[in-house]
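Ready for some practice in reading a protein structure? Grab the model, try each task yourself, then check the worked solution.

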Amino acid sequence: QKEGEGNLTTPAPAFGIASHRNDGVSDMSVELEPAPVSGACGELAPNRTEYSSMDKPENKSSSSRVESKKNRPLRAARRVLLFSIVNCLTVVFHQQESTSSSSATPSGGAKLRKPELTNALIDIMDNVSSYGGVLASLIATLLSDVMNADPQVVHHVHNSGLAKSFLGMLNGKAGTTDRFDLAEDLPEPNLPASAELIMAVPNVISALALTEDGAKRIHEVNPFPALLLVFVSPKYAMPQSRCLLNDMTAIVGTGLDEIMRHVPSLRSLVMKAIVSSIRRIIFLGNQLLEDEIREEDRRARGFIGTNEVTELENSRTCLMQYAYNIGQILEQNLHNEEQSAPFVEEGGLDCILELYPLLMPGGRQFL
């Protein structure tokens, strides 16, 4: 490494990856040193037997390896490397699915069964906050392509822990509850605000339920409330994020429709989650209407708070986005009687009628 060429630039934005420099180290020789690499980076070659002078195992204690795993030094160059590797795998596996490859070429399912790749993907999904939503979306696409091409891989994905890591990345602290509509303080959804990742989630869930045993496991975990919570959370709404723009909710709604048509046993869970999300919007709308009336009374008494008015306007904007999101999802799922009937049975029609008047602001906010 020549002197003066060690400073890392930030090529990540060209790939859509955010740059994170958590330790300020700029020496390229340190960046290329494989010894402190942990997680997905370090598990890609676990059987390595030849070492350079800088990364001999005797120079690294077990405690330092554990510490490096906790720190996860993911600088820009390593993020780009991981992105490129997973992106290449996604393209290759997708081509194998769409074209008839020769029997001599290992299939994507055979590659996915290797513990090196399995462990690397699990590590990325278990630490999605460190690796980022763009990389997780590539993994989601890879998993769905491989499972759709070879349904026998679904058994391995569930038993190896890949499915558990993916569903854990989705559920996070929200758990598997299907009643988040009346909770005052909800845990923030675990998914990063990435449009590509949110769009890929229904495809992976559908692939995980290709087999009868896989459908039973999805039914037990019930990931749909956590997925629908994304569309009624300020983390994913404007102005905090733009990830749900450009008909993203309609795309997810189409994915949910595919799940209900191909796996009828999951239809009731999806409809319960949709109705619970509408009830959540009603709950937030009632709170907002009370706040607007209270602010109107304060104005009448001569107390004018600029910050309070701004907060009310932001809350009203978010509420309109939540209603639009759910409307887009319903539009993709209520086009036949098989799915409309359970929606009405869960109280969805009454919820829509109750939600409609709350979409109009009250008092001075209306003007």
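Here are three exercises on this predicted model, each with its solution.

**Exercise 1.** Work out which residues are linked with R261 in a network of salt bridges, and whether each one is buried or exposed.

*Solution.*
- Step 1: Start with D257, which forms a salt bridge with R261; their closest N and O atoms are 3.2 Å apart.
- Step 2: Now look at E258, whose side chain meets that of R261 in a salt bridge at 2.5 Å, N to O.
- Step 3: Put the two together and you get a network of D257, E258 and R261.
- Step 4: Buried means under 20% relative accessible area, so D257 at 7% counts as buried. E258, at 29%, is partly exposed, and R261 is partly exposed too, at 39%.

**Exercise 2.** Find how far apart R298 and E295 lie in helix α15.

*Solution.*
- Step 1: Count along helix α15: R298 and E295 are three residues apart, about one turn of the helix.
- Step 2: Check the side chains, and you'll see R298 and E295 meet in a salt bridge (3.8 Å, N to O).
- Step 3: Compare the cover: E295 is buried at 6% relative accessibility, while R298 is partly exposed at 29%.

**Exercise 3.** Describe the lining of the second largest pocket: how many residues are nonpolar, polar and charged?

*Solution.*
- Step 1: Find the lining, which has 30 residues; P234, L284, Q287, S315 and Y322 lie nearest the pocket's centre.
- Step 2: Sort the lining residues into 14 nonpolar, five polar and 11 charged.
- Step 3: Trace the helices: α15 and α16 each supply at least two lining residues.
- Step 4: Add the volume of this pocket, about 660 Å³.

How values were computed
Residues are numbered from 1 along each chain as its sequence is written. This is a predicted model: local features need pLDDT of at least 70, side-chain atom pairs count only at pLDDT 80 or more; totals for chains, interfaces and linings use all residues. Side-chain values use heavy atoms; hydrogens and water are left out. On a 1 Å grid over the protein atoms alone, a cavity is a set of points where a 1.4 Å probe fits but cannot get out, and a pocket is an open set with protein on both sides within 12 Å along at least five of seven lines; lining residues have an atom within 4 Å of a point. Grid points are joined across faces, edges and corners, and a volume is the space filled by probe spheres set on the points. Helices (H or I, at least four residues) and strands (E, at least two) are DSSP runs, numbered from the N terminus. Ala, Val, Leu, Ile, Met, Phe, Trp, Tyr, Cys and Pro count as nonpolar, Asp, Glu, Lys and Arg as charged, and the others, Gly among them, as polar. A salt bridge is a side-chain nitrogen of Lys or Arg within 4 Å of a carboxyl oxygen of Asp or Glu. Buried means under 20% relative accessible area, exposed over 50%, partly exposed in between (1.4 Å probe, protein chains only).
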